[in-house]
Amino acid sequence: MTRLFAFMLTAMLLSSVAVADFPPVDQLPARPAFPDPLVMLDGTRVTTKEQWETKRKPELKALFQHYMYGRLPPTPRRRSYTELFLDQKALGGKATLSEIKITFEEPSLSHPMHVLFVVPNHVTRPPVFVGMNFCGNHTLLDDPRIHLPEVWCRNTCPGVVNERATDKGRGGQQDVWNIDLIIDRGYALACFYSGDVDPDTPDMNDGIGPAFYKSGQSTAGPDDVATIMLWAWGFHRVVDMVERFGGMVDPQRIAVVGHSRNGKTALLAGAFDERIAVTIPLQSGCGGAAPSRTTDTRAESVRQINTSFPHWFCGNFKLFQDPIEPRLNDQGKAVPPRREDVNRFSEKTTRLPFDQHCLIALCAPRPVLLPNAADDLWANPSGQLEMLKLATPVYRLLGSQGLADGASPEVNKLIDSPLGYFIRPGKHAMSRADWDVFLTYCDKNLAKK
Ligand code: GTR
C-alpha cells in the first residue's frame, strides 16, 4: 500500500513537470523560422551549461510531451525478469543467447516485454545496441527457442497469418538485424518487439497506454501518452534490464537503434534518457529527425503523418495542421482528399514552439548519428542534415563539437563527428550496409572512456 502510494506520488510529480501550463495551440505565435534551441519560451537567452540543464532542457522536454508525443509514463517500481532460455554456445559458439521476459508488477501491467539478448563471447563487457523490431524477436534468428509474440502482428511481416505470428516467420528478418555482423564486431544486441508494448494499430487502448491516462479517463486526453512515446518507454525498460545484467555488457556504452517509425522512437528514447550513450535513428523522417516545418512536398508532412497514423502522436499535435477543404465530385458528393492535398504544408505547423533539432539537442552532448538513403526523400535526408546544423550550438555550449564544421554530405561517406550523418544509395530499409556504418560510427563514438 505504501509502495503504491509512493508510485502514485512519483507519477503525479512527474506529470506535473510535464503538464506545465502551456498556451492552447491557437494562442502560440506563428514562427516560420526554426526556433532557437537556446532561447526559452519566454524569450530568455540561454548562455550557460547550467541554464541549459536546469531550465531549457526541462522546458523542452515538457513542451515535446505536451504538444507532440504525450507524457512519458513513469518507471514501474517493481518489475521481474525471467530468463526463458540461455545458451552460452549459440551461433557456432561465438555468442551467448538468451530471451528475457520483463513483467511489470507495480503498477501491474497486462503487457510483458520479451527481450532477445545476444552477447559476443570473445569480448569482456562489450557495448550493446538496444533495438526495437517491427515483426517479433523470432524473426531475428531462425531458432525455435525464441518465443512467438502472442499479440497483434502486422500482416506484412514474415509468416504472419491473420495478424498472428507463426513459426514460418522464424529468421525472416535476419538480413535486417545482421546479428552475425554485430557479434563479429564485438557488440551485443538487446532487441524487443514494439507490439509487446503497444500494437501499431489506431486503437489507443490495446497497449499499456490506458494504465497511464489521467485518472478517470478511459480514452487518451490531448496530452496523454501516444504510441511513439509508449515505445520509447519500452526502450527505457530494456535499458533497465541491461543495467541489471550489467555484468555481461557495459551499461555505460548503450546505443539505441531503430528504423523509420522505430527510428523516431529511438531518437525520442535517447532524448529522454541520459543512460543512452549513442542514438541512431535510421531514416526516421517526419516526427523523428526531420523538420516539421518542411515545405518540400516530397517529404512527409505533419498533416500526412497524423492522417496516416493517428495513434503515433498525442491529440494536441493534431492541432498543428490546417483543415483540408472538402472536395466534391460533379454530382456534388464529397470525395476523399487527394494525397498531395493531405501532404501539403500547413501554416499552422509554424506554431510549434520547437522543431526536431530541439529533440536532437536534448541528447547533447551525447552522440547522435542520422543515417539516410538517397532515394528515401519521404524521410527528408537534407532536412535532417539541417536539424544537425541547428542542434550544434547546444552541443558546443556543452563542450562537444556537434556536427563538424563545413561537413557536406557525400554518398557513402560517413561524417563521424558527435553529430554524425550518412547517406547511402538506395531505398528506405535497414540493411547490412547500414549496420556496417552504425558499427564504424560506434567504434569511434561509443569507445571505452
Ligand atoms: C511510412 C511513414 C513514415 C515511416 C514509415 C515506416 O509510411 O509515412 O513516417 O515511419 O512508414 O515506419 O516505415
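# A walk from strand S3 outwards

Start by selecting strands S2 (residues 95-106) and S3: they run antiparallel and are joined by 8 bridges. What you have on screen is a predicted model, so treat the tour as a visit to a prediction.

**Stop 1: strand S3 and its partners**

Keep S2 and S3 in view and find the turn between them: a hairpin of 6 residues links the two strands. Now click on isoleucine 102, and look across to methionine 113 in S3, which stands opposite.

In the loop between S2 and S3, pick out proline 107. Which kind of peptide bond runs from glutamate 106 to proline 107, cis or trans? It is cis, and omega is near 5 degrees.

Next, select the whole of S3, residues 113-120. How many of its residues are buried? The count is 8 of 8, so the strand is mostly covered, because buried means a relative accessible area under 20%. Show the side chains, and keep one idea in mind: in a regular strand they alternate between the two faces of the sheet. Here Met113, Val115, Phe117 and Val119 point one way, while His114, Leu116, Val118 and Pro120 point the other way, and all of them are buried.

S3 has another partner to visit. Add strand S5 (residues 188-193), which pairs with S3 in the antiparallel sense over 4 bridges. To see one of these links, select phenylalanine 117 together with its bridge partner in S5, alanine 190.

**Stop 2: through the loop to strand S4**

Follow the chain out of S3 into the loop that leads to S4, and stop at arginine 125. Its phi is near 40 degrees, a positive value in a residue other than glycine. Is arginine 125 buried or partly exposed? With a relative accessible area of 37%, arginine 125 is partly exposed.

Now select S4, residues 128-133. Since 6 of its 6 residues are buried, this strand is largely enclosed by the rest of the structure. Turn the view to see both faces: Val128, Val130 and Met132 lie on one side, Phe129, Gly131 and Asn133 on the other, and all are buried.

Which strands run parallel to S4? One is S5, joined to S4 by 6 bridges; methionine 132 has phenylalanine 192 of S5 as its bridge partner. Another is S6 (residues 254-259), with 4 bridges to S4, and there valine 130 stands opposite valine 256.

**Stop 3: the loop after S4**

Move on into the loop between S4 and helix H4 (174-177), and select cysteine 135. Cysteine 135 has a relative accessible area of 5%, so it counts as buried. Leaving aside neighbours within four places in sequence, cysteine 135 is in contact with Cys157, Pro158, Gln173 and Tyr193. Draw a distance from cysteine 135 to tyrosine 193: their C-alpha atoms are separated by 6.6 Å, although their positions lie 58 residues apart along the chain.

Glutamate 163 sits in this loop between S4 and H4 too. Its phi is near 65 degrees, a positive value in a residue other than glycine, and at 35% relative accessibility glutamate 163 is partly exposed.

**Stop 4: helix H8**

Select helix H8, residues 261-271. Why is H8 described as largely enclosed by the rest of the structure? Because 11 of its 11 residues are buried. Among them are Arg261, Lys264, Leu267 and Ala271.

**Stop 5: empty spaces**

Here is a helpful picture: rolling a probe the size of a water molecule over the atoms shows where empty space is left.

For the second largest pocket, the volume is about 320 Å³. Select Gln252, Arg253, Ala277, Leu446 and Lys449, the closest to its centre of the 19 residues that line it. By class, its lining has 8 nonpolar, 2 polar and 9 charged residues.

The structure also holds 1 cavity of 30 Å³ or more. Select Ser292, Ser301, Val302, Arg303, Arg344, Phe345, Ser346 and Thr349 to see the lining of the largest cavity.

**Last stop: colour by confidence**

Finally, colour the model by pLDDT. The protein averages 95, and 96% of the residues score at least 70. Over residues 1-19, however, the pLDDT is below 50, and beyond near neighbours in sequence this stretch has 23 contacts in the model.

Technical notes
Residues are numbered from 1 along each chain as its sequence is written. This is a predicted model: local features need pLDDT of at least 70, side-chain atom pairs count only at pLDDT 80 or more; totals for chains, interfaces and linings use all residues. Side-chain values use heavy atoms; hydrogens and water are left out. Buried means under 20% relative accessible area, exposed over 50%, partly exposed in between (1.4 Å probe, protein chains only). Two strands pair if DSSP finds at least two bridges between them. pLDDT is the predictor's confidence in each residue, from 0 to 100. Contact means heavy atoms within 4.5 Å. On a 1 Å grid over the protein atoms alone, a cavity is a set of points where a 1.4 Å probe fits but cannot get out, and a pocket is an open set with protein on both sides within 12 Å along at least five of seven lines; lining residues have an atom within 4 Å of a point. Grid points are joined across faces, edges and corners, and a volume is the space filled by probe spheres set on the points. Ala, Val, Leu, Ile, Met, Phe, Trp, Tyr, Cys and Pro count as nonpolar, Asp, Glu, Lys and Arg as charged, and the others, Gly among them, as polar.
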